[in-house]
Amino acid sequence: MKQNKQEEKAKQQKSKKDKFKLYKPKKKKSSEEDAAIQYLQAQYDKINPDAIKTFKDFPLSQKTLKGLKDNNYVTPTEIQRQAIGYALQGKDILGAAKTGSGKTLAFLIPILENLFCKKWTRLDGVGALVISPTRELAYQIYETLRKVGGLHDFSAGLIIGGQNLKFERKRMDQINILICTPGRLLQHMDENPLFDCSHLQILVLDEADRCLDMGFETTMNAIIENLPQERQTLLFSATQTKSVKDLARLSLSFPTYVAPHEQAETVTPESLQQSYIVCEIDEKIGILWSFIRNHLKQKVLVFMATCKQVKYTYDLFCKLRPGVSLLALYGTLHQEKRERIYNEFCRKSNVVLFATDLASRGLDFPHVNWVIQMDCPEDVETYIHRAGRTARGVFGKGEGLLMLLPHEEKIVEDLKKSKIPINKIAVDPSKVVAPQRKIEGLLSDNTELKQTAQRAFVSYVKSIFLMKNKEIFNVHLLDTDAYARSLGLIVPPRIRFLHKNLKGYNPPKKESDNEENEDVLDKLKTKAENDAGTDQSSDEEEKPIPQEKKNKKLTKELPKFDFHNDADSEEDEFLQVKKANVDVKPPIEEEEQNITKKKKKPLTKAAVAKKLLKKKIKVNTQVKFTEDGEAIEDEKKDVKSDLAKQFINEDVGGIDIEKAKEVLKEEDKYDKIRFREKVKAKHKEQKRKLKNKKKEEAEEQDDFGSQSESDGPDLSWLPDPDKIYGKKDSGSEKEDQSHTEDNSDLEEEKYHRPLKHKLVESKGIPQDSVAPRKKKKLKDISGSLSIQEAEALAMRLLQSQ
Ligand SMILES: Nc1ncnc2c1ncn2[C@@H]1O[C@H](COP(=O)(O)OP(=O)(O)OP(=O)(O)O)[C@@H](O)[C@H]1O
């Protein structure tokens with residue numbers, strides 16, 4: 001018995017040894033290698049995906065098998081099990097599988113085997129080409145290739161933008177497997193004489209739908225033109241293209257469609273828990289901040305719409321210090337920095353990465369706990385790829401949170417239609433702490449940060465404006481003022497493109513929120529006129545949203561539901577389940593809108609023309625005005641020279657410039673004469689006015705005497721005392737003089753009046769020219785008064801003075 005057992009054991013060991021005896025790399029004998037290759041190739045047609053349990057069950061080279069084993073890849077995933085066999089058989093493949101399901105190995109293994117079986121050497125040039133839409137993804141694929149294919153003798157190259165072009169150029173002819181981004185590849189194709197892909201065996205497009213979409217269309221078309229027609233083509237993506245046009249561009253007529261999850265209940269990984277919240281635009285920052293503060297021990301990836309938003313949020317949160325490492329990844333960063341950040345996020349476990357959609361496709365960050373989509377994704381595909389950065393691989397788990405504005409909630413319908421299980425949840429308002437005051441304070445101290453905020457604001461509004469799906473992305477429904485305020489900007493920056501666009505925009509009329517819409521539009525209009533740089537604002541603008549109002553908004557429809565997570569940590573209380581699997585119907589207002597839209601006839605040009613004819617409106621008529629703003633009815637009347645009259649009467653098409661010049665010269669002469677006449681008339685008028693003024697002044701003086709302040713009443717009309725009392729003798733004169741020395745004041749008084757009288761005379765108004773009215777007055781008074789009375793009157797007048 002024992003002997004039998006030993007014999008059996010020996011047999012088993014022998015058969016095992018035979019199984020692994022396919023290819024022995026160390027004893028390199030050409031004949032042995034050929035035999036191994038022949039053996040492998042002979043097995044290809046026998047591959048049955050259902051019978052494959054481990055990678056060893058595939059007819060793979062020892063080098064590949066060892067590479068897989070060394071990296072703990074033992075059991076193939078579903079897409080690997082189904083796709084590798086067809087790929088080894090040389091078929092074109094259209095592969096679609098959920099995010100994180102292992103598509104990378106599904107194309108890397110066939111590449112290695114294909115070139116191995118063809119005994120590809122460095123001298124053979126580029127044998128395989130892998131195109132990826134982003135540099136990070138290309139880098140990741142390259143790293144996986146290095147790990148799994150490290151035992152093979154092929155050379156691999158990573159050709160992406162932002163690297164040393166000269167360095168790449170020199171080594172181009174030695175590369176067998178090229179991992180690249182479309183732009184850089186085309187650059188080498190166009191400029192590098194060493195680049196030769198005429199022997200290309202296998203072409204792979206990872207994230208194929210992205211590579212073939214509008215953004216890369218021209219570049220990809222140019223690349224494909226340069227590739228040999230005879231080749232194998234593999235297309236992989238979680239959201240695969242089925243467009244015949246796309247396939248035709250790649251000369252794929254009958255590719256094998258491999259989609260292991262097509263019949264699955266969900267298109268996203270089963271271990272991915274997905275939820276969404278609906279909030280106002282100004283609540284987003286506060287919610288994100290509070291979320292991060294509540295998840296300090298987690299790895300979180302936050303997606304935003306634009307690079308500038310990512311930059312600002314990162315800069316701002318770094319200054320606010322949430323208590324966890326923060327990173328930012330976006331396209332405009334320097335390549336070295338991008339690589340460093342990518343590696344750092346892969347390495348760290350408690351970290352938050354703010355990113356654009358640059359990080360949404362293909363990137364395999366390990367152990368991401370949360371993916372937050374702070375801005376609504378462009379479409380369902382973008383949502384799937386973003387959310388798929390978590391819950392990856394065989395045992396991966398993770399959660400996704402989508403933040404939506406009320407009018408963006410329509411996208412949930414599309415998500416559910418596409419088999420994405422997503423639940424509505426509500427944020428516990430008591431857990432939301434918006435650092436509004438701090439943000440405003442930071443911005444007032446830091447102009448650079450303020451400018452970054454302004455750029456973030458404009459870029460977000462612009463991104464919404466440029467979105468194709470206008471049902472979901474409506475820039476006119478954005479409360480831009482509130483958004484600016486939430487970023488810490490008291491005055492919203494000017495949005496030129498929006499201002500232009502608003503001119504032709506008619507807001508949709510909704511009964512319920514008509515007022516709100518008008519407000520937004522008015523604000524947008526006035527805001528566009530404000531200056532972006534200034535921070536002058538009304539008190540109202542400076543006020544943050546009152547917490548009460550905020551809470552009201554958040555709790556408005558909040559039913560009593562269980563907490564989102566089972567765990568009892570504080571983190572889990574942050575989000576609560578709101579509704580599970582609710583079908584979202586379009587709002588009634590929207591339906592009404594659609595009906596009214598249908599009723600309205602489009603206004604054609606012909607219809608406008610008819611209307612104008614009916615109303616006898618002359619279009620395109622020119623009205624000229626004189627300098628004084630009077631309309632010139634007949635232009636012909638205004639011309640003086642015969643030449644001009646003749647010129648106007650000539651109804652010839654076009655303009656004879658020479659003749660027009662002559663006419664202008666002639667008209668100039670008349671113009672000069674007119675001008676001189678005008679000047680003369682003006683001068684005349686001025687003189688006349690001056691004369692009148694002088695006359696009036698003279699009359700005034702005649703009536704009331706001097707108007708000078710120091711002047712006393714005019715006593716010239718009084719009778720001459722010398723005539724009445726006779727002339728005083730010289731002695732008395734002397735007495736008077738001595739008296740004057742003592743009473744100088746009185747003296748002055750005495751002689752003051754006649755001087756005044758003289759002054760009037762010296763003004764050139766002789767006594768003869770005293771007005772007859774005045775003479776009459778004198779006569780009347782002197783006639784009616786006795787001498788004493790006149791004297792008393794004179795004295796009284798002097799005293800009053
Ligand atoms: N056979 C396997 N066994 C164990 N882990 C695997 C296997 N194949 C792939 N993985 C792991 O699964 C993770 C996801 O793989 P990969 O990045 O290839 O997914 P993907 O389908 O390309 O995702 P995406 O659609 O997001 O690009 C990686 O961490 C990878 O190492």
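Two strands pair if DSSP finds at least two bridges between them. Keep that rule in hand for this tour of a predicted model.

**Stop 1: strand 1**

Select residues 93-96, which form strand 1. Show the side chains. Ile93 and Gly95 point one way. Leu94 and Ala96 point the other way. All four positions are buried.

Now add the neighbours. Select residues 256-258 for strand 7. Strand 7 runs parallel to strand 1, and three bridges join the two. Pick leucine 94 and look across to strand 7: its bridge partner there is tyrosine 257.

Next select residues 232-237, strand 6. This strand is also parallel to strand 1, joined to it by four bridges. Centre on isoleucine 93 and find leucine 234 opposite, in strand 6.

**Stop 2: the ligand shell**

Select the ligand and bring up its surroundings. How many residues surround the ligand? The count is 20. The closest are Gly102, Lys103, Thr104, Gly362 and Gly393. Label those five.

Colour the shell by class. Eleven residues are polar, six are nonpolar and three are charged. Then colour by domain. Domain 2 (47-258) and domain 3 (272-434) each supply at least three residues to the shell.

Which helix gives the most to this shell? Helix 5 does, with three residues. That is the next selection.

**Stop 3: helix 5**

Select residues 103-117 for helix 5. Draw a distance between the end C-alpha atoms: they are 22 Å apart. At 1.5 Å a residue, the 15 residues should span 21 Å, so the two values agree.

Is helix 5 enclosed or open to the outside? Of its 15 residues, 13 are buried, so the helix is largely enclosed by the rest of the structure.

Step past the end of the helix to lysine 119. Its phi is positive, near 50°.

**Stop 4: the Q motif span**

Select residues 53-81. An unreviewed UniProt entry annotates this span as "short sequence motif: Q motif". In the model the span is 45% helix and 0% strand. Its end C-alpha atoms lie 8 Å apart.

**Stop 5: strand 8**

Move to residues 272-278, strand 8. Six of its seven residues are buried, so this strand is largely enclosed by the rest of the structure.

Select strand 14, residues 423-427. Strand 14 pairs with strand 8 in the parallel sense, over two bridges. Zoom in on serine 275 and find its bridge partner in strand 14, asparagine 423.

Then turn to strand 13. Strand 8 pairs with strand 13 over seven bridges, again in the parallel sense. Label isoleucine 277 and methionine 403, which stand opposite each other.

**Stop 6: strand 13**

Stay with strand 13, residues 398-404. How many of its residues are buried? Seven of seven are, and the strand is mostly covered. Check each face in turn. Gly398, Gly400, Leu402 and Leu404 lie on one side. Glu399, Leu401 and Met403 lie on the other. Both faces are covered.

Add strand 12, residues 370-373. Four bridges pair strand 12 with strand 13 in the parallel sense. Look for isoleucine 372, which stands opposite leucine 401 of strand 13.

**Stop 7: two loops with positive phi**

Select alanine 391, in the loop between helix 15 (380-387) and strand 13. Its phi is near 55°, a positive value in a residue other than glycine. Alanine 391 is buried, because 25 other C-beta atoms lie within 10 Å.

Now jump to arginine 321, in the loop between helix 13 (307-320) and strand 10 (325-329). Phi of arginine 321 is near 55°, also positive in a residue other than glycine. Is arginine 321 buried or exposed? With 8 C-beta neighbours inside 10 Å, arginine 321 counts as exposed.

**Stop 8: phenylalanine 354**

Finish at phenylalanine 354, found in strand 11 (residues 351-355). Why does phenylalanine 354 count as buried? The reason is that 26 C-beta neighbours fall inside 10 Å, and 20 or more make a residue buried.

Last, add phenylalanine 303. It is 51 residues away from phenylalanine 354 along the chain, yet their C-alpha atoms are separated by 6.1 Å.

Notes: Residues are numbered from 1 along each chain as its sequence is written. This is a predicted model: local features need pLDDT of at least 70, side-chain atom pairs count only at pLDDT 80 or more; totals for chains, interfaces and linings use all residues. A residue is buried if 20 or more other C-beta atoms lie within 10 Å of its own, exposed if 12 or fewer, and partly exposed in between; C-beta atoms are placed from the backbone. A residue is near a molecule or strand if its C-beta atom, placed from the backbone, lies within 6 Å of it. Ala, Val, Leu, Ile, Met, Phe, Trp, Tyr, Cys and Pro count as nonpolar, Asp, Glu, Lys and Arg as charged, and the others, Gly among them, as polar. Domain bounds come from an automatic or database domain assignment. UniProt positions are given in the numbering used here, feature names are shortened, and annotations may be inferred rather than shown by experiment. The expected span of a helix is 1.5 Å times one less than its number of residues.
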